[in-house]
Amino acid sequence: MSAPPSPDDGLSPAELAAKYGLAQSGARPGLFEYVGQLWDRRHFILAFSQAKLTAQYSQAKLGQLWQVATPLLNALVYFLIFGLLLGGRGNMDIEVYVPFLVTGVFVFTFTQSSVMSGVRSISGNLGLVRALHFPRASLPVSFSLQQLQQLLFSMIVLLLILIGFGHYPSWSWFLILPALALQFVFNTGLALIMARAGSKTPDLAQLMPFVMRTWMYASGVMFPLDYMLTKVTAPGWIAEALLANPAAVYMDLMRDALITGNGSEDLPGLPEHVWALGLGWALLLGIGGFIYFWKSEEKYGRG
Amino acid sequence: MAEQTPEEAQQPRIPTVIADELHIVYRVNAGSKGKGSATAALSRIVKRGGEERGVRKVHAVKGVSFTAYRGEAVGLIGSNGSGKSTLLRAIAGLLPAEKGKVYTDGQPSLLGVNAALMNDLTGERNVILGGLAMGMSREQIRARYQDIVDFSGINEKGDFITLPMRTYSSGMAARLRFSIAAAKDHDVLMIDEALATGDRKFQKRSEARIRELRKEAGTVFLVSHNNKSIRDTCDRVLWLERGELRMDGPTDEVLKEYEKFTGK
C-alpha cells in the first residue's frame with residue numbers, strides 16, 4: 001500500500017494522543033471529579049444494594065420474612081447465653097436488659113457486616129470490576145447501604161421488643177436518626193478501607209471474623225461495659241479507650257435514645273461528649289476511608 | 001519505540017484508540033514452584049522484599065502497540081489464551097497496565113454486563129440493574145425497556161421476564177444478557193465473542209444489531225474465533241499470539257496468514 005505521508009506520521013504515540021485530545025485509559029480521576037462520578041452512579045448503587053438484599057433470601061420458602069427473623073433469632077441466642085446462663089446482666093432488670101442486649105446486637109451487627117462485606121466488595125466482585133466501568137467506590141458504598149437497609153428491618157423487631165418491655169415511644173426516639181446516619185458514614189468509611197485492603201490481601205476475609213469478634217466482646221454488646229470493667233479492676237485508661245471506641249459509642253447513643261421506660265435509670269448516663277465522639281469517628285473514617293480508597297482507584301481488578 | 005504503521009492513510013484520520021508498548025501482567029497467588037502451597041505461602045510472608053516468591057506472574061500482553069481510527073472495525077484473532085480479551089479489558093481501562101499506556105477517545109465500553117446480573121432476580125429487575133451498571137439513567141432504561149425485552153425474545157414463550165433468571169434456559173439467559181448489553185450506544189465499543197449466543201434466529205438479529213452499533217460507535221473491536229463473522233464485520237485485523245502482536249493489517253491478508261498458521 002502506498003500511504004501518502006500524513007502529518008501525523010512522525011509523532012510518537014503520546015504526542016498523537018495529545019494532538020487529538022485522547023485521554024489515558026484507566027487513569028485515576030481527581031478527588032472531586034471522583035465524587036461527582038460516584039454521585040452520577042447513585043441509582044446504580046441503590047439498585048445494586050436492593051438487588052443484593054432481595055437476592056439473599058429469594059430461595060428460602062419464607063422469603064423476605066428472614067430479613068426480620070434472622071436478627072430476632074440472633075438476639076434470642078445472645079439472650080439465652082448471656083442473659084440467662086452467664087448472667088452478664090450487671091444490675092439490670094430483665095425489662096432493661098433485653099432491649100439493651102438487642103439494641104447492642106443490632107447496632108454492632110450493622111458495623112460487623114459492613115466490614116465483612118466491605119472486605120469482599122472488590123475481591124469478590126472481580127468479574128464486575130473487570131467487565132464494566134464505574135467508580136469502584138460504588139461497590140463498598142453499595143454494600144454498606146445494603147447493611148443499612150437490613151438494619152432498618154431489624155429496627156422493626158427492635159421497636160416491637162421495646163414496646164413489649166414497656167419502653168414506649170418518646171421524642172428521644174428521633175435521636176436514632178442522627179445516630180444511624182453517623183454510624184452509616186462510619187461504617188462506609190471502614191468498608192472502603194477494608195475494600196482496598198481486601199483487594200490486595202484477600203486473606204483478610206479469613207482473618208476479619210476473629211478481629212470482629214474480639215471487637216464485639218470488647219465493646220460491651222451483651223453486658224454493660226463499665227460495670228464489667230469495674231469488676232475486673234482494669235486500669236482507667238483501658239476503660240476510657242474501650243468506652244470511646246466507635247462501636248461502644250454508637251451503641252450507647254442508640255440505647256440512650258431508645259430505652260426510656262422503667263428501670264432505664266440503671267443504665268449508665270450518657271455524657272455530652274459521646275455525641276461529639278460519634279461525629280468525630282464518622283468524619284474521620286468517612287473522609288479518611290474515602291480518600292484512602294480513591295488513592296488506589298486505578299489498581300482495582302488486577303490479578 | 002515501536003513505530004506506528006498507518007496503512008492506507010486517507011485524508012485526516014482521527015485516532016480513537018492508541019496503545020503504546022502495552023504490557024499486562026497478572027499475578028496469581030497460587031501454584032508456586034515450591035512443594036506444598038502452605039510452605040510456599042509461609043516463605044512468601046517471611047521473605048519479604050525483592051521479587052515476591054510464590055506469586056506466579058502471567059505476562060498476558062507483551063508490548064502491543066497500535067492505533068485504531070474512527071469508523072474502523074477491528075477484529076482480534078489468535079488462539080485461546082493469546083491475550084485478546086485481556087487486551088480489550090486494558091483498552092477499556094479495566095485492567096491496569098504494567099508498562100506502557102493506552103489512550104482513548106471517550107470511554108470505551110466492553111459489551112458485557114453478565115457480571116452485574118443476578119440469577120436470583122427477575123429478568124425485569126436485571127434489565128434495570130444491568131442498564132444502571134452500564135451507566136444508563138433510569139429514564140433511558142425506561143425508554144428502552146420494551147425494546148430490550150422484545151429483542152431478547154424472552155416473552156415469546158410466555159411471561160418469563162417476571163420470573164427469576166435462574167429459571168431461564170441457558171440460551172434464554174444468554175439472549176437476555178446480550179440484549180441488555182447491546183441496548184446502549186458507545187463511542188468505542190468492544191465485543192468479546194458475543195455473536196455465538198442464542199439460536200440462529202437470534203444470531204441473525206444480533207449480527208444486525210452489531211452492525212447498527214458499529215454505525216453509531218466510532219470504533220468497534222471484535223474478538224471472535226469465527227473467521228466468517230470477522231470477515232463479515234471487520235476491515236482490519238490484529239493477530240495476537242502469546243501476547244505479542246503478530247500481524248496487523250487488512251482482514252483478508254491477516255486471515256489468510258492466520259488460516260495457514262492454524263492449518264486450515
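## A helix tucked inside chain B

B:Lys84, B:Thr86, B:Leu87, B:Leu88, B:Arg89, B:Ala90 and B:Ile91 are the buried residues to look for in helix H2 of chain B. Try finding them in the structure above, keeping in mind that this is a predicted model. Helix H2(B) covers residues 84-91, and seven of its eight residues are buried, so the rest of the structure largely encloses this helix. Lysine and arginine both appear in that buried set, as B:Lys84 and B:Arg89.

What comes after the helix? H2(B) is followed by B:Gly93, a glycine with a positive phi near 80 degrees.

## A sheet shared by two chains

Next, let us look at some strands. Four of them form an open sheet, and their order is E1(A)-E4(B)-E1(B)-E2(B), with antiparallel pairing. Which strands stand at the edges? They are strand E1 of chain A (23-24) and strand E2 of chain B (56-69); each has a single partner strand, so one side of each is left without a neighbour in the sheet.

The place where the two chains join in this sheet is worth a closer look. E1(A) pairs with strand E4 of chain B, residues 99-104, in the antiparallel sense, and two bridges link them. To locate this pairing on screen, start from A:Ala23, whose bridge partner in E4(B) is B:Thr104.

## An enclosed strand in chain B

Strand E6 of chain B runs over residues 188-192, and four of its five residues are buried, so the rest of the structure largely encloses this strand too. E6(B) pairs in the parallel sense with strand E5 of chain B (residues 109-111) over three bridges. In that pairing, B:Leu111 has B:Ile191 of E6(B) as its bridge partner.

E6(B) also pairs with strand E7 of chain B, residues 219-223, again in the parallel sense, and here there are five bridges. A handy pair to find is B:Asp192 and its bridge partner in E7(B), B:Val223.

## Chain A and its helices

Now for chain A, which has 13 helices and one strand. Reading from the N terminus, the elements run α-β-α-α-α-α-α-α-α-α-α-α-α-α. Along the principal axes, the C-alpha atoms of this chain fill a box of roughly 95 × 50 × 35 Å. Of its 303 residues, 42% count as buried. Among contacts in chain A between residues at least 6 apart in sequence, 84% join residues at least 24 apart.

## Two helices that pack together

Two packed helices are described by the angle between their axes and the distance between the axes. Helix H8 of chain A (residues 176-200) and helix H12 of chain A (residues 246-258) give us an example: their axes come within 9 Å and cross at roughly 165 degrees. An angle over 145 degrees counts as roughly antiparallel, so H8(A) is roughly antiparallel to H12(A). The crossing of H8(A) past H12(A) is left-handed.

Which residues meet here? From H8(A) come A:Ile176, A:Ala179, A:Gln183 and A:Phe186, and from H12(A) come A:Pro246, A:Tyr250, A:Leu253, A:Met254, A:Ala257 and A:Leu258. The residues of this contact divide into nine nonpolar, one polar and no charged. As you follow the numbers, a general point may help: an α-helix has 3.6 residues a turn, so residues three or four places apart point the same way.

## Three residues worth a visit

Most residues other than glycine have a negative phi. B:Glu21 is not a glycine, yet its phi is positive, about 50 degrees. This residue sits in strand E1 of chain B, residues 15-28. Is B:Glu21 buried or partly exposed? With 15 other C-beta atoms within 10 Å, B:Glu21 is partly exposed. B:Arg242 is a residue other than glycine with a positive phi as well, near 50 degrees. You will find B:Arg242 in the loop between strands E8 (236-241) and E9 (244-250) of chain B. B:Arg242 is partly exposed, with 14 other C-beta atoms within 10 Å.

The last stop is B:His59, in strand E2 of chain B. B:His59 has 14 C-beta neighbours inside 10 Å, so it counts as partly exposed. Leaving aside residues up to four places away in sequence, B:His59 touches B:Val25 and B:Gly243. B:His59 and B:Glu98 are 39 residues apart along the chain, and their C-alpha atoms are separated by 9.4 Å.

Technical notes. Residues numbered from 1 in each chain as written. Chains lettered and ligands numbered in written order. Predicted model: local features only at pLDDT ≥ 70, side-chain atom pairs only at ≥ 80, totals over all residues. Pairing = 2+ DSSP bridges. Buried ≥ 20, exposed ≤ 12 C-beta atoms within 10 Å, placed from the backbone. Axes fitted to C-alpha atoms, helices over the stretch in contact; angles between N-to-C directions. Parallel < 35°, antiparallel > 145°, perpendicular 65-115°, else oblique. Left-handed = near helix turned anticlockwise from the far one by under 90°. Contact = placed C-beta atoms within 7 Å. Nonpolar A, V, L, I, M, F, W, Y, C, P; charged D, E, K, R; others polar.
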